[in-house]
Amino acid sequence: MKQLARRITGTSKKSFGMYARAAASGRDDLIHMELGKPFADTPQHIKDATIAAIQAGKVHYSDLPGILPLREAAAAKLARQNGMDVSPDQIVVTNGLTHGSYAALMAFIDDGDEVILLEPYYPQHIGKIELAGGIAVPVPLDAARDYAIDAARIEASVTPRTKMIVLINPCNPTGRVYSRAELLALADIAIRHDLIVVSDEVYEEIVYDEAQHISIAALPGMAERTVTLFAFTKSYAMDGWRIGYLAAPKAAIGAILKITANDVTHVNTFIQEGALAALGGDPALLAELIADDREKRDRVVTRLNQISGVTCPWPQGTIYAFPDISQLGLSAQTLAERLMDEAGVVVEAGSFYGPAGEGRLRFCFGALSLDDIDRAMDRVAGFIRQLG
């Protein structure tokens, strides 16, 4: 066989962290809190709309950017909820948010372009940056400041080769929901240095207490330089459906469609009808799903803070807790492996998200029932108790 392409051989190997280790173990007694998937089933009205679309014969090719009714509904939602003034022709329906971020990076990044990631980062972004020929530049945020956006650190990392900043808000893994002041500081850097921002907002609906999600594209001067990524994955428990959408400046849509039309042609036609039903559904149902996540967050964070040597901040959003375990004297990866091997609970090491995550673990509370959360926390507490 001929030599593989350098985009494969010369880039980082994709890692699935503790998920891959757990899968390789073959154990069926593990409690899984490592993978960011919803516990809830997809709401019935979404399933019904999809089944009806199949029965109605909506099984053929459709519009490359996505069916018009879905793009119209997404544009209306963005205006109503996100303060974004976009037309349906500025929206592309994607095969999940992962596909949207890949398309955005491939459309904008040339060989040698630098892309700033706020660390702790989402590791999948690194692989896509490298496949596009770019160079990932992690900027570590300070755990002591609750991983707040640090404009000075970010600006110090800008070079003549910097082209883009990737933002995750609400943030996986830290659970931060960035304030308007933080986002304005980041926007100021992007505007002054003429940078593109790709904003991953998959957890936009899942916010708690007084936190408020703000789309950076809605801030002054940012609409023309931001690609915003959304998905139905977490909020509507549609992770296996693989459907999302992006909103971008009109000047960028042609480039993005050149990528999506070549890699998927367009997203599955009848599944788009399910996504349309999700956007048009009863808001009370979405509120119920988020209330369930809030109850699970409260249970996990309370239980973690009762363990000697562990301190856990209250996540403002997402489905993750990110406790500080540095007082226990073990690296994050070592502790994660021992929790799996000896306690049967799978969580992710904070260091999986970059060195700034060392001393932390990521617990996905959204993936379990309350009963399974209690079982997991009993195991974790018992294991850590015997460490002392």
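**Sorting the linings.** I count Ala, Val, Leu, Ile, Met, Phe, Trp, Tyr, Cys and Pro as nonpolar, Asp, Glu, Lys and Arg as charged, and the others, Gly among them, as polar. The model is predicted, so I kept to its terms: local features need pLDDT of at least 70, side-chain atom pairs count only at pLDDT 80 or more, and totals for chains, interfaces and linings use all residues. Residues are numbered from 1 along each chain as its sequence is written, and side-chain values use heavy atoms, with hydrogens and water left out.

**The largest pocket.** I began with the pockets (on a 1 Å grid over the protein atoms alone, a pocket is an open set of points with protein on both sides within 12 Å along at least five of seven lines, a cavity is a set where a 1.4 Å probe fits but cannot get out, and lining residues have an atom within 4 Å of a point). The largest pocket holds about 1,100 Å³ (the space filled by probe spheres set on the points, which are joined across faces, edges and corners). It has 39 lining residues, and K14, F16, T98, Y122 and Q124 come closest to its centre. By type, I find 17 nonpolar, 10 polar and 12 charged residues in this lining.

Next I asked which helices supply at least two residues of that lining. They are α1 (6-9), α2 (17-25), α5 (96-108) and α6; helices (H or I, at least four residues) and strands (E, at least two) are DSSP runs, numbered from the N terminus. Helix α6 gives the largest share, five residues.

Where does the largest pocket lie with respect to domain 1 and domain 2? It lies between them, because domain 1 (6-42 + 284-387) and domain 2 (44-282) both contribute to the lining; the bounds come from an automatic or database domain assignment.

**The second largest pocket.** This one has a volume of about 250 Å³. Q81, N82, E204, H213 and I214 are closest to its centre, out of 15 lining residues. Helices α4 (68-82) and α11 (283-305) each give two or more residues to the lining. I sorted this lining into six nonpolar, six polar and three charged residues.

E204 turned up again when I looked at salt bridges (a side-chain nitrogen of Lys or Arg within 4 Å of a carboxyl oxygen of Asp or Glu). The whole structure has 22 of them. In one, K77 pairs with E204, with 2.6 Å between the closest N and O atoms. K77 is in helix α4 and E204 is in the loop between β6 (196-200) and β7 (226-231), so the pair ties together parts 127 residues apart in sequence.

**Cavities.** I then turned to the enclosed spaces and found four cavities of 30 Å³ or more. About 120 Å³ lies in the largest cavity. Its lining has 15 residues, and P38, F39, A40, K234 and D293 are nearest the centre. The split is eight nonpolar, two polar and five charged. Domain 1 and domain 2 each provide at least three residues of this lining.

**β3, α6 and β4.** Helix α6 (residues 124-131) is worth a second visit, as β3, α6 and β4 make a right-handed β-α-β unit (with the strands pointing away from the viewer, the path from the first strand over the helix to the second runs clockwise). Strands β3 (residues 114-119) and β4 (residues 135-140) pair in the parallel sense over six bridges; pairing requires at least two bridges found by DSSP. Within this pair, I116 faces V137 of β4.

**A three-stranded sheet.** I also followed an open antiparallel sheet, ordered β9-β12-β11. Strands β9 (320-321) and β11 (348-349) are the edges with a single partner strand each, so one side of each has no neighbour in the sheet. β11 pairs with β12 (residues 361-364) over two bridges, and A349 stands opposite L361.

**Backbone oddities.** Most residues other than glycine have a negative phi, and most peptide bonds are trans. The bond from E119 to P120 is cis, with omega near 10°, and P120 sits in the loop between β3 and α6. N169 and P170 are also joined by a cis peptide bond, with omega about -5°; P170 is in the loop between β5 (162-168) and α8 (180-192). My last stop was R242, a residue other than glycine with a positive phi near 55°, in the loop between β7 and β8 (244-247).
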